[in-house]
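Dear colleague,

Please find the sequence and the structure below, handed over for your records. My notes on what was found follow directly after them.

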Amino acid sequence: MISWIRGAFPHHEVNVVFARGTSAGTLTQGLRDRQREPLASGEAGGWAWAVHEMLNGEIEDFDDVDYNALCPDGTEIVVFVTQPCSPKGFPPAFAYHRDGQLVLWFSFEDVRTRVGANPDHLSPELLAAGIIGPDTECGLADEFGHDCFDHFYDDHERLVKVIADYFALPSPPLTAEVASK
């Protein structure tokens with residue numbers, strides 16, 4: 001599952017966007033209007049999807065995309081910030097927008113700190129998956145020779161699976177081969 005979130009577009013820092021309640025054409029045009037040319041796009045399972053560069057260095061646009069403007073009433077948008085650079089201040093992140101507002105946002109590096117109009121929107125699912133709540137810290141963190149980074153991507157995989165399952169997101173073929181066609 002995480003392969004379409006991490007590593008699908010080598011040499012690109014991308015966001016993967018899913019939109020329900022609008023077409024792929026409307027989503028991609030909205031991204032173009034915000035200076036983010038889609039690398040790939042399509043529709044599956046009732047969702048339009050697009051992959052776009054996180055930033056637009058050619059025009060020195062390093063701001064986040066205003067996804068609220070892309071989801072008028074009746075539209076939902078799920079965003080994964082996938083291949084960012086944490087030292088630059090862009091950790092992997094998730095956002096859920098609905099009806100023109102941010103409902104939920106969190107960094108993959110600190111899922112316990114969630115913001116938005118309803119920061120607890122996914123809390124029951126995250127709690128049930130053992131991602132938040134008591135005893136979610138690595139039990140081996142203090143063990144000699146253990147490196148919690150060894151299961152870093154497994155933790156991300158579980159998180160992406162919870163989100164994808166909750167929203168019934170499709171698993172599109174988001175690969176470089178799709179982008180080059």
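In this predicted model, glutamine 35 adopts a positive phi of about 65°, at a position just after helix 1.

The helix that precedes this residue covers residues 24-33, and its buried residues are Ala24, Leu27, Thr28, Gly30 and Leu31. When one looks down the axis of helix 1, these buried residues fall within an arc of 155°, so they line one face of the helix. Their packing partners are strand 1 (14-20), strand 2 (38-44) and strand 3 (47-53).

These strands belong to the sheet, which I describe next. It is an open sheet of seven strands in the order 2-3-1-4-5-6-7, with antiparallel pairing. As a general point, the strands of a sheet pair through backbone hydrogen bonds, in either a parallel or an antiparallel manner. The edges are occupied by strand 2 and strand 7 (110-115). Each of these two has a single partner strand, so one side of each is left without a neighbour in the sheet. From one strand to the next, the twist averages 15°. Helix 1 packs on this sheet, where it touches strand 1, strand 2 and strand 3, and the direction of the helix makes about 25° with that of strand 3.

Two of the strand pairings may be of interest to you. Strand 1 and strand 4 run antiparallel and are joined by six bridges; alanine 19 has isoleucine 77, in strand 4, as its bridge partner. Strand 6 (residues 101-107) pairs with strand 7, also in the antiparallel sense, over three bridges. A hairpin of two residues connects strand 6 to strand 7, and serine 107 has aspartate 110, in strand 7, as its bridge partner.

One loop residue also deserves mention. Where does threonine 82 lie? Threonine 82 is located in the loop between strand 4 (76-81) and strand 5 (93-98). Is this threonine 82 buried or exposed? With a relative accessible area of 7%, threonine 82 counts as buried, because the cut-off for a buried residue is under 20%. The side chain of threonine 82 reaches the backbone oxygen of valine 14 at 2.7 Å, and residue 14 is where the range of strand 1 (14-20) begins.

With kind regards

How values were computed: Residues numbered from 1 in each chain as written. Predicted model: local features only at pLDDT ≥ 70, side-chain atom pairs only at ≥ 80, totals over all residues. Heavy atoms only, no water. Buried < 20%, exposed > 50% of the residue type's maximum accessible area, 1.4 Å probe, protein only. Helix = DSSP H or I, 4+ residues; strand = E, 2+ residues; numbered from the N terminus. Arc of directions from axis to C-beta. Contact = heavy atoms within 4.5 Å. Polar contact = N/O pair within 3.5 Å; in protein donor to acceptor, adjacent residues only side chain to side chain. Pairing = 2+ DSSP bridges. Axes fitted to C-alpha atoms, helices over the stretch in contact; angles between N-to-C directions.
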